[in-house]
Amino acid sequence: MMKNTKQSLRKIVFYIFLAIVCGMIVFPFYWMVATSLTKGSMYSYPPSIFPIDISIQSYISVFLERPMLRWIINTSIVSAVVIPATILIALPAAYSLSRFKYRGKGLVSQLILVTQMIPATLIIIPVFLIFSKLQLTNTLYSLMILDTAFAVPISIWISKGFFDTIPFIIEEAAFIDGCNHFGVLFRIDLPLILPGLVTVILLTFLTVWHEFVFAITLVQSEELRVVSIGLRYFKTQYFVPWNQLMAAAAIITIPIVIIFLGLEKMFVRGLTAGAVIE
Amino acid sequence: MKIPRNPKRKINWVPIIFITPTIIMIGLFFLYPVVNMFWLSLTNFDFLEQINTQFVGLHNYIKVLTTADFKYTLWRTILYTIGTAGGAFLIGLLAALLLNNKFKGRLIARIFILFPWAVPPVVTGIVWSYMYDYQFGIINYFLEKLHLIIEPISWLGDPSVALISVILPSIWLSIPISTLVMLGGLHSIREELYDAAAVDGANVIQEFWHITIPGLRPITKILILLLVIWSFRSFDIIYMMTTGGPAGATETFVMKVYLTAFKYYDFTRATTYGVITLLISLVFSIVYWKMLMTKDER
């Protein structure tokens, strides 16, 4: 009897803690969606915790009154270049670090590590000066180049961890059949490191979709803005259209959440496999 | 490994060709900028004229380091970093301990806790700004309802609370990585230890104190280092919510560097702050590594 009450007490305490932690994490997101779905909620005070008058009016007006579609297209264009470019640069590099011994290899690995220590906010100053000279500022190219440069190091880490798990014997057969290293890498190894590849693609996509410093510094004209900086231009000095802002925020968040949830298991496995072997 | 085409030891070009694009990229976008930044901080470079740039030695450093502003920026950065890293660590630990149990709805809870990962920092900034809003914000509403405050607080407009206001969303954003790493640490503690403790009649608190905490120590050291480095360079949320204001109350080092360069176009001062920022994080990492890591952990 004593033990039973003690156990159920423990259970209650456990669920209270769990509810607090989960609530804290989910509430901002919930509040964003709730506001975006409530008709005219920005004028209402006190705020209603549950949307009463549900409408998708804010979502429609974001697309009609703001260049939301343009922002999404721009971000997609940048991703469509950055993802393949990252794979083409990072996978051979990871293969090289995983499969061969050569002088300077240790130095290269360390360099790749060191890049993670340098904040983008510092890199942007010299890069801005060069890009102004090359007239690359205010183009999407500038974002493609920089996003790739920032996605490559972490992608190398992750994929190297996966290459390390492939036994040499599998590759040897392919070499005997006359395959070269590039062929082995993309035809034999790639299917074997699929979770790693998915992780790399997802992380690179997140890099582009979340990237802020470069976009806000290098892109000035309205038709070149990407989703991450578009939100900044909703506010005016006198008025903040919270409904529209929350709808726009939901539009750029929800697709990622869906992709993320769908691939969550693979993603987490991909990250931890790389980390353990590192 | 054996490479069939090169039976004798010759230089094998394949790995070198494979790694070359990466090296070029790191050189152009990481090494060159750092060197260039260091150089600019030693000159009187003027962005608008860009001629007659002269070497001025440590002049810019002396100018920056002797201002009171530097001291305040350093202090703010330390507070922000400790607040964010500390908060993210504690909540991550709590979340990991909770998720490590078997219970109904564990998968959903796990997804919830990893959730902020998918949310763009910009969106985090916007949503929290809305919750903090003076007039329509839900935080003021709740606090008033609970009679904790009489008048609404201007969370992002009052210099005395603005730093705390930007720390909270920064913690929120770091919870997933912190939880995931700690969960990995908990998984690495062997189940037998708990079984043995249970046989010896240890209670939950004793188990936690004598098995869980020592077992988590190695991973904790690494996680704290990472969290500190990330918070130290955190930019998006602060820029989105306050842009360093009000009255510089949320101006950390990276904010300072950015605003000095792109708001005031003072590139020498900005690069000087930039080099100092890099040096601080470098020195901190090395000292931390040397002091806290035992030989086999390095």
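Which elements does chain B run through from the N terminus on? In this predicted model, the order is α-α-α-α-α-α-α-α-α-α-α-α, and the secondary structure of chain B accordingly comes to 12 helices and 0 strands.

The overall dimensions of chain B can be read alongside that helical make-up. Its C-alpha trace spans about 80 × 80 × 35 Å along the principal axes, and the radius of gyration of chain B is 25 Å, whereas a compact globule of 298 residues would have a value near 19 Å. Within chain B, buried residues account for 50% of the 298 residues. Of the contacts in chain B that link residues at least 6 apart in sequence, 64% join residues at least 24 apart.

From the single chain, the description passes to its partner. Chain B meets chain A through 89 of its own residues, which are in contact with 94 residues of chain A, and between them the two chains bury about 8,200 Å², with 81% of that area on carbon and sulfur atoms. Helix 1 of chain B, covering residues 13-41, supplies the largest share of the side that touches chain A, namely 18 residues. Sorted by class, this side of chain B holds 66 nonpolar, 15 polar and 8 charged residues.

What is the count of salt bridges between chain B and chain A? The count is 0, while 6 residue pairs between chain B and chain A are in polar contact, counting pairs in which both residues are at pLDDT 80 or more.

Technical notes:
Residues are numbered from 1 along each chain as its sequence is written. Chains are lettered from A and ligands numbered from 1 in the order in which they are written. This is a predicted model: local features need pLDDT of at least 70, side-chain atom pairs count only at pLDDT 80 or more; totals for chains, interfaces and linings use all residues. Side-chain values use heavy atoms; hydrogens and water are left out. Contact means heavy atoms within 4.5 Å. Buried area is the accessible area (1.4 Å probe) that two parts lose on being put together, summed over both. A salt bridge is a side-chain nitrogen of Lys or Arg within 4 Å of a carboxyl oxygen of Asp or Glu. A polar contact is a pair of N or O atoms within 3.5 Å; within protein, one must be able to donate a hydrogen and the other to accept it, and residues adjacent in sequence count only if both atoms are side-chain atoms. Helices (H or I, at least four residues) and strands (E, at least two) are DSSP runs, numbered from the N terminus. Ala, Val, Leu, Ile, Met, Phe, Trp, Tyr, Cys and Pro count as nonpolar, Asp, Glu, Lys and Arg as charged, and the others, Gly among them, as polar. The radius of gyration is taken over C-alpha atoms; the globule rule is 2.2 Å times the number of residues to the power 0.38. Buried means under 20% relative accessible area, exposed over 50%, partly exposed in between (1.4 Å probe, protein chains only).
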